[in-house]
Structures are given as structure tokens and as C-alpha cells.
Amino acid sequence: MADYRVKIAGVEFENPIIAASGSYGFGREYGQFYSLDEIGGISVKGLTLIPREGNDAPRIAETPMGILNSVGLQNPGVDYFLEHELPFLKQFKTKVIANIAGNTIEEYCRMAEKISDSAVDMIEMNISCPNVKEGGVAFGVCPATVEEITHAVRQYAKKPLIVKLSPNVTDITETARAAEAGGADAVSLINTLTGMAIDIHTRRPILHNNIGGLSGPAVKPVAVRMVWQVRQAVNIPIIGMGGISGGEDAVEFLLAGANAVAVGTHHFVDPMAAVRVMEGIKNYMDAYQIERVSDLTGKVQPY
Ligand code: SIN
């Protein structure tokens, strides 16, 4: 029997597949297609201290090989999540990761404190959302700020802390090192790349917010490159994501240095995406007679 389990910051996942935040809501809709026990973890839609309605529509635009989004962190708020969504998720073995975003460092700290008293397994600090006027990526592009906010939240987070990194920087290894120095237990990467699409007939941007975040297969080579670079820069575990739509994509991320992978945008093409990616990893492991999925991490042989 092959071993698909992975351990991240002391938390054991049944397999390395995590549903990426923002692509999976709180799991209820996907739970109609398969048992949520089939995936290792779920990172829930980004939570804020108070509920948010998000940005004005249109806030999704299809692009070649991907989508642009400017959702603007629509969510029911952290208290609603803890009271109404977490009990549903905790019926399953899948690990629950609370993705949090704030306007201020204090907001991140207050959310980390609230979540620390709950059955959530891990906290993912989102300092990379490009679609909000305050907070979000503003915290995630300067290494000194990344270290400061990570250090502050670390004091309140009694759960393992993942820092979700932005690709919209010159050198992602600097922000990854800053997160590690601030006390992060793991990093996840990449969030979306900022982009824009224009309707040439109306001459107006397609997104009401003018710009948004690009995800999907178009970003995969950028994401794999960044995971590979970050693997060499930090010693903490990496959750790799960006354009994964099949098992072979996921294996690329593992070989580049990821300890687990997150499936995001492909959920909008195929609601079974996460389980199909896991099937693909199993097929690869069978073909190459690999016993433990963790043996794949970082095994790329660079020239
Ligand atoms: C959004 O809600 O705008 C997307 C979240 C993110 O990119 O982190």
C-alpha cells in the first residue's frame, strides 16, 4: 500500500491535496459530489473580522488559460464561519485551514485569537489578496512588513500558521524568508498575479475593479519556478499552488519542493478536480513504484 500522507507543521493530512481558498467556499457544494474525506485539507474562503459583500460586478473574467478575479473578499465573517460552517467541516477527516485577511495587523491578530479557540486545524494568513484597497497584498510585498505582521500574529495564533505569499514581488524568496523569520510554520504560494482585460468594443475594463488576480493554467510555470526558489530559501514546509489541473501538474509542484499542493481554479471547470488530481498522483506513483508521496518533495534534478 502506498503512503499518501503528508505532515505539515505537525498536522497530518491523509493526502497532499488541499482545496485552495476562494475556489471551494466552505466545502458544502463540493460535498454533494464526493465525500470531503477524500481530500487532505480545505482552505476556506478568506475570512475577515466583519462580513464583506466584496467588490462590484463584474468581478470574474475568463482569459486564455485562466481567469481574472476581483471578488474583494466576499465572506460572512469569521464569527459566522466558526458558528455555522466549521461544525459541518469537522464531520470529516479533512483538515480545516482558516484563511484570514484583515485591514490592519490588529484585525489579523484578533481573528487568529478567535480561531485559536476553535477546532480549526491551521491558520493561513492571507497577505496577498490583490483586490482590496486596504490590507491584503499591501502587507505582502515588503519583507520587513511580512516579518512584522507574521511576528505579531504568531503571538495570538495557537494553531500552526501558514503565510500565503504574493507572486507580485521582485524576489519571492525575500518575503518567504521574512515569513520564516517572523515565525511562520509554513508558506503557501502562489496567490494570483495581477492582470487586466479590456473590452475593445466598450473600451472599458472587463472587471469593475479595473484590475484583478490571474489564476489557472497560465500561471503554472511561474508558480513552479517560485516554489523551487522558495524551497532553496527556507526550511519550513511549502504548500504549492497555481494552475494545477491534473496529477502531473501536482507532481511538478512536489518535485519543485512543495510538501502539499492546492487545487483552485480548476474547480470551476470540474467540480471533481481535487479528487481527480489525487488519482493522477496515485497513477504516477504506481508507474514509478514510489511508496511514499512525501518522497517526491524536492526531488527535481536541476541542470
Ligand atoms: C478575493 O476575494 O478578491 C480573492 C482573494 C485573494 O486573492 O486572496
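User: What relative accessibility does Lys282 have?

Analyst: Keep in mind that this is a predicted model. Lys282 counts as partly exposed, which takes at least 20% but no more than 50%. Its value is 26%.

User: Which residue does Lys282 meet in a salt bridge?

Analyst: Look inside helix H7 (residues 273-287), where the partner sits three residues away, about one helical turn. That partner is also partly exposed, at 42% relative accessibility. The N to O distance is 4.0 Å, and the residue is Glu279.

User: How many residues apart in sequence are the parts that Lys114 and Asp79 tie together?

Analyst: These two form a salt bridge, with their closest N and O atoms 3.0 Å apart. Lys114 belongs to helix H2 (residues 105-116) and Asp79 to helix H1 (residues 78-89), so the pair ties together parts separated in sequence by 35 residues.

User: Asp121 forms a salt bridge with Lys90; which loop holds Asp121?

Analyst: Asp121 is buried at 17%, whereas Lys90 is partly exposed at 32%. The pair links distant parts of the chain, 31 residues apart. Lys90 is in the loop between H1 and E7, and Asp121 is in the loop between H2 and strand E8 (122-126).

User: In what order do the eight strands close into a barrel?

Analyst: Pairing is parallel in this barrel. One of the pairings joins E4 (residues 41-43) to E7 (residues 95-100) over three bridges, with Ile42 opposite Val96. The full order is E3-E4-E7-E8-E9-E10-E15-E16.

Terms used. Residues are numbered from 1 along each chain as its sequence is written. This is a predicted model: local features need pLDDT of at least 70, side-chain atom pairs count only at pLDDT 80 or more; totals for chains, interfaces and linings use all residues. Side-chain values use heavy atoms; hydrogens and water are left out. Two strands pair if DSSP finds at least two bridges between them. Helices (H or I, at least four residues) and strands (E, at least two) are DSSP runs, numbered from the N terminus. A salt bridge is a side-chain nitrogen of Lys or Arg within 4 Å of a carboxyl oxygen of Asp or Glu. Buried means under 20% relative accessible area, exposed over 50%, partly exposed in between (1.4 Å probe, protein chains only).
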